[in-house]
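Reader: Thanks for sharing this one with me. Could you walk me through the model, starting with the overall fold and then moving on to the ligand?

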Amino acid sequence: MEKYAIRGGSPLVGEVDIAGAKNAALPIISAAIMSNETVTLENLPDVNDVNVLLEAIQRIGAGVDRVDRHTVRINGAHIKGYSVDYESMKKIRASYYLLGALLGKYNRASVPMPGGCAIGSRPIDQHTKGFRALGVRIENESGYLVASCDQMFGAHIFMDVVSVGATINIMMAACRASGRTIIENAAKEPHVVDAANFLNSMGARIKGAGTDVIRIQGVQELHGCTYTIVPDMIEAGTYMMAAAATKGDIVLRNVIPKHLEAISAKLREIGCEVMEADDWVRVVASRRLSSTQVKTLPYPGFPTDMQPQMAAVLALANGTSIVKESIFESRFKYVDELARMGANIKVEGNAAMIIGVDRFHGAQVASPDLRAGAALVIAGLSAEGITVVDDIGYILRGYEDFDEKLRLLGAAIEKIHSEAELRKLELWMGV
Ligand code: UD1
């Protein structure tokens with residue numbers, strides 16, 4: 001398993017280009033198979049989750065043609081199966097988007113039940129509730145969700161929880177239902193809006209994405225288009241936190257500052273300068289930061305996917321901070337790893353009390369999941385000495401060129417594959 005070795009202590013300074021959003025790319029790739037015409041997707045992030053999903057749609061017969069690293073042409077004219085294999089689901093939960101896409105196109109689909117994951121149990125009852133409301137029969141057959149109907153009919157659906165995945169999945173299927181569907185209490189995340197904009201570019205008739213009521217008028221068919229994926233607000237936010245933790249000065253290019261408002265506001269509150277223009281944001285942290293309170297909420301609240309990175313920053317701030325996680329049930333697994341680096345954090349239920357320390361020291365730590373892994377890298381960048389972050393496979397699922405981009409900002413970070421390489425690196429890093 002690959003690891004990152006980091007010699008911390010240097011402020012990150014410079015400019016970084018933000019990639020397309022993984023969480024927008026996943027539903028959009030799935031929805032692309034709903035047309036029999038070619039769809040060209042631009043600004044696709046080159047990250048493992050995206051590549052695994054591209055392989056999964058290829059396995060059911062979609063044409064996938066990589067034009068360049070960030071552009072792909074997808075053609076769904078020759079889909080030969082409606083069943084997503086267990087291996088794809090095991091590697092990437094978001095292959096559940098193929099349920100909505102295949103149902104929308106063929107009125108049938110079969111997808112392995114996604115299990116829990118590192119951050120909680122993650123039920124999909126809201127997805128199935130929505131599909132059933134559209135007239136779909138869904139059975140659990142030997143661990144597979146098998147869904148079918150003769151024709152979907154538009155329905156008025158009230159979501160019991162605000163769910164990004166369920167909102168997008170139902171929206172995709174409803175595009176081809178007969179009549180009008182209304183989704184109430186819909187998720188408002190930028191990737192919901194991006195998926196809706198993409199479907200509309202294919203000829204769908206979706207209104208209201210970005211508000212909590214989405215209205216969808218079903219259409220007969222979806223056509224090809226060329227579409228550019230929205231910038232990744234979580235990747236951007238992660239670099240913003242890296243600037244804050246290392247007392248750095250970073251300009252993030254190719255971002256939508258509006259999507260980063262909750263993150264920018266928290267950083268300003270604790271003492272960072274955050275400047276922004278049309279498509280860039282600059283974060284400057286020139287002094288020790290102060291404590292605050294953070295509660296994760298659906299968009300436009302503070303994103304749960306930024307909670308571990310924010311906690312890493314607050315663990316070095318002056319004073320005591322409280323971080324409350326209100327979306328996922330076990331998203332504090334990284335706390336024990338941060339403690340190995342000297343952090344003082346106590347978790348009770350869904351809240352973490354963070355007593356800021358003056359500095360972290362390097363240690364050997366392991367990523368419990370994608371965003372927690374990024375938080376450990378941030379901690380390593382600000383620590384004294386060498387930090388080795390293990391299990392970086394999680395991080396590679398969602399961050400394109402993470403170590404390369406950090407090196408361009410002046411970080412001493414290397415990907416290593418063996419203990420021998422680590423020893424060599426320690427010599428090189430002067431330990
Ligand atoms: C997406 C993101 C993930 C992010 C999360 C919340 C992708 C691929 N992943 O995940 O990075 O952390 O949004 O912003 O886009 N829930 C139910 N029943 C359901 C569905 C969800 O109870 O049927 C609950 C979940 O357990 C959770 C909450 O609703 O407590 C929000 O989950 P949801 O928005 O669905 O997360 P995902 O779409 O899986």
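Author: Gladly, and one definition helps at the start: helices are DSSP runs of H or I with at least four residues, and strands are runs of E with at least two, numbered from the N terminus. Please keep in mind that this is a predicted model.

Reader: With that in hand, how many helices and strands does the chain have?

Author: Both kinds of element occur along the chain. Counted as DSSP runs, they come to 15 helices and 23 strands.

Reader: Why is the chain counted as being as compact as a globular protein of its length?

Author: The globule rule gives 22 Å for 431 residues. The C-alpha atoms fill a box of roughly 65 × 45 × 40 Å along the principal axes. The chain is as compact as a globular protein of that length because its radius of gyration is close to the rule's value, at 22 Å.

Reader: What percentage of the residues in the chain is buried?

Author: Buried here means under 20% relative accessible area. Of the 431 residues in the chain, the buried ones make up 57%.

Reader: Now the ligand, please: which residues come nearest to it?

Author: There are 19 residues around the ligand. By class, this shell has nine nonpolar, six polar and four charged residues. The ones that come nearest are Gln126, Ser163, Val164, Asp305 and Ile327.

Reader: Which helix gives the most residues to that shell?

Author: Helix H1 (22-32), helix H5 (125-133) and helix H6 (164-174) each supply at least two residues. The shell also draws at least three residues from each of domain 1 (3-19 + 231-429) and domain 2 (22-228). With three residues, the helix that gives the most is H5.

Reader: I'd like to look at polar contacts as well. How far is an oxygen atom of the ligand from a polar backbone atom of Gln126?

Author: Two side chains are worth setting beside Gln126. A side-chain N or O atom of Asn23 is 3.2 Å from a ligand oxygen, and a polar side-chain atom of Tyr96 lies 3.1 Å from a ligand oxygen. For the backbone of Gln126, the separation from an oxygen atom of the ligand is 2.7 Å. As for cover, the ligand taken alone exposes 740 Å², and the share of that buried by the protein is 85%.

Reader: Ser163 came up among the nearest residues. Which residue has a polar side-chain atom 2.6 Å from the backbone oxygen of Ser163?

Author: The partner is found in helix H6. Its relative accessible area is 0%, so this residue is buried. The side chain that lies 2.6 Å from the backbone oxygen of Ser163 belongs to Thr167.

Reader: Let's move to the interior. How many residues of helix H10 are buried?

Author: Helix H10 covers residues 307-314 and is mostly covered. Among its buried residues are Gln307, Met310 and Leu314. The number buried is eight of eight.

Reader: Is Met240 buried or exposed?

Author: Met240 sits in helix H8 (residues 233-245). The cut-off for burial is under 20% relative accessible area. Met240 has a relative accessibility of 0%, so this residue counts as buried.

Reader: And where is Thr211, and what is its exposure class?

Author: Thr211 is in the loop between strand S11 (205-207) and strand S12 (213-217). Values from 20% to 50% fall in the middle class. At 39% relative accessibility, Thr211 is therefore partly exposed.

Reader: Finally, some backbone geometry. Which two residues does a cis peptide bond join?

Author: Most peptide bonds are trans, which gives this one some interest. Omega is about 10° at this bond. Its proline is in the loop between strand S17 (293-295) and H10. The two residues joined are Tyr299 and Pro300.

Reader: Asn43 and Asn107 each have a phi near 60°. Which of them counts as buried?

Author: Asn43 lies in the loop between strand S3 (38-42) and helix H2 (48-59), and at 22% relative accessibility Asn43 counts as partly exposed. The other asparagine is in the loop between helix H4 (97-106) and strand S6 (108-112). At 19%, under the 20% cut-off, the one that counts as buried is Asn107.

Definitions and conventions
Residues are numbered from 1 along each chain as its sequence is written. This is a predicted model: local features need pLDDT of at least 70, side-chain atom pairs count only at pLDDT 80 or more; totals for chains, interfaces and linings use all residues. Side-chain values use heavy atoms; hydrogens and water are left out. A residue is near a molecule or strand if one of its heavy atoms lies within 4 Å of it. A polar contact is a pair of N or O atoms within 3.5 Å; within protein, one must be able to donate a hydrogen and the other to accept it, and residues adjacent in sequence count only if both atoms are side-chain atoms. Accessible areas come from the Shrake-Rupley method with a 1.4 Å probe; for residues, only the protein chains shown count as cover. Ala, Val, Leu, Ile, Met, Phe, Trp, Tyr, Cys and Pro count as nonpolar, Asp, Glu, Lys and Arg as charged, and the others, Gly among them, as polar. Domain bounds come from an automatic or database domain assignment. The radius of gyration is taken over C-alpha atoms; the globule rule is 2.2 Å times the number of residues to the power 0.38. Buried means under 20% relative accessible area, exposed over 50%, partly exposed in between (1.4 Å probe, protein chains only).
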